[in-house]
Amino acid sequence: MISPSRLKKSSFPVRKPNLVDAHVGSRLRQRRMLLGISQEQLAEMLGLTFQQVQKYERGTNRVSASRLFQLARTLDTPITWFFEDMEQERTGEQPEPSGAETEETDPMSRRETLELVRVYSRIDDRKLRKKLYEMAKALATE
């Protein structure tokens, strides 16, 4: 019989997401948010639960090749987009800490940045878009 004290301790190490899985998940989240799609909406489009989408975005669950193909088609982006900006020499390392620390180091992972890009891209007037861009650049240098 196993003692109760042995049952409480897990002999299995906590598995951290692989760097590639975490990167693909981060890019999935970016693309979804740029398109203004919720996790629930994406899950419905793919025939999944929103929890599964969450696991993909965190890198907890790996995205299979067939699922990646489906995601790329659903999100109207090439498959290669999910791997852009990934440092080739670091593919075997563990990912950087997630959450607030990731948002500080990668501004494209912040919700406000993605929403700003999304609404900016919806401005049809090219001159107005350019003026807004110039204003943002001027404010950033102050």
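Which helix does Arg-32 lie in? I looked this up before anything else. Arg-32 belongs to helix α2, which covers residues 19-34. I note for all entries below that I am reading a predicted model.

**Entry: Arg-32**

I then asked whether Arg-32 is buried or exposed. Its relative accessibility is 6%, so I put Arg-32 down as buried, since the cut-off for that word is under 20%. I also listed what Arg-32 touches, leaving out neighbours within four places in sequence. The list holds Ile-37, Ser-38 and Gln-39, and further along the chain Leu-42, Glu-57 and Leu-75.

**Entry: the whole chain**

I stepped back to the chain. I found 8 helices and 0 strands. Read from the N terminus, the order of elements is α-α-α-α-α-α-α-α.

How much of the chain is buried? Of the 142 residues, 25% are buried. The chain exposes about 10,600 Å², and 54% of that area comes from carbon and sulfur atoms.

I also looked at how contacts are spread along the sequence. Counting contacts between residues at least 6 apart in sequence, 64% join residues at least 24 apart.

**Entry: confidence**

I checked how far the predictor trusts its own model. The mean pLDDT of the chain is 81, and 75% of the residues reach 70 or more.

Which helix has the lowest confidence, and which the highest? Helix α6, residues 100-105, is lowest with a mean of 48, while α5 is highest at 96. I marked residues 93-101 as well, where the pLDDT is below 50. Beyond near neighbours in sequence, that stretch has 10 contacts in the model. Where pLDDT is low, predicted coordinates should not be read in detail.

**Entry: α3 against α5**

I looked at one pair of packed helices. Two packed helices are described by the angle between their axes and by the distance between those axes. Here the pair is α3, residues 39-46, and α5, residues 65-74. The angle is about 115 degrees, and the axes are 11 Å apart. The crossing of α3 past α5 is right-handed.

Which residues of α3 and α5 meet? From α3 I wrote down Leu-42, Met-45 and Leu-46. From α5 I wrote down Arg-67, Gln-70, Leu-71 and Thr-74. Sorted by class, this contact of α3 with α5 has 4 nonpolar, 2 polar and 1 charged residues. I had already met Leu-42 in the contact list of Arg-32.

**Entry: two residues in α5**

I stayed with helix α5 and picked Ala-72, which is placed there. Ala-72 has a relative accessible area of 4%, and therefore I recorded it as buried. Not counting residues up to four places away in sequence, Ala-72 touches Thr-77, Pro-78, Ile-79 and Phe-82. I also took a distance from Ala-72 to Arg-31. The two are 41 residues apart in sequence, and their C-alpha atoms are 9.6 Å apart in space.

Phe-69 is also placed in helix α5. I counted Phe-69 as partly exposed because its relative accessibility is 44%, and that class runs between 20% and 50%. The C-alpha atoms of Phe-69 and Ile-79 are separated by 6.6 Å, with their positions 10 residues apart along the chain. Ile-79 is also one of the residues that Ala-72 touches.

**Entry: the loop between α5 and α6**

Next I read the backbone angles of two residues. Asp-76 is in the loop between α5 and α6. Its phi is near 50 degrees, a positive value in a residue other than glycine. Is Asp-76 buried or exposed? At 65% relative accessibility, I wrote it down as exposed.

Asp-85 has its place in the loop between α5 and α6. Asp-85 is not a glycine, yet its phi is positive, at about 70 degrees. Its relative accessible area is 67%, so Asp-85 goes down as exposed.

**Entry: Glu-112**

My last look-up was Glu-112, in helix α7, residues 111-121. With a relative accessibility of 56%, Glu-112 counts as exposed. How many residues separate Glu-112 from Met-33 in sequence? They are 79 residues apart, and the distance in space is 9.8 Å, C-alpha to C-alpha.

Methods. Residues are numbered from 1 along each chain as its sequence is written. This is a predicted model: local features need pLDDT of at least 70, side-chain atom pairs count only at pLDDT 80 or more; totals for chains, interfaces and linings use all residues. Side-chain values use heavy atoms; hydrogens and water are left out. Helices (H or I, at least four residues) and strands (E, at least two) are DSSP runs, numbered from the N terminus. Buried means under 20% relative accessible area, exposed over 50%, partly exposed in between (1.4 Å probe, protein chains only). Contact means heavy atoms within 4.5 Å. Accessible areas come from the Shrake-Rupley method with a 1.4 Å probe; for residues, only the protein chains shown count as cover. Axes are lines fitted to C-alpha atoms, for helices over the stretch in contact, and angles run from 0 to 180 degrees between N-to-C directions. A crossing is left-handed if the near helix is turned anticlockwise from the far one by less than a right angle, and right-handed if clockwise. Ala, Val, Leu, Ile, Met, Phe, Trp, Tyr, Cys and Pro count as nonpolar, Asp, Glu, Lys and Arg as charged, and the others, Gly among them, as polar. pLDDT is the predictor's confidence in each residue, from 0 to 100.
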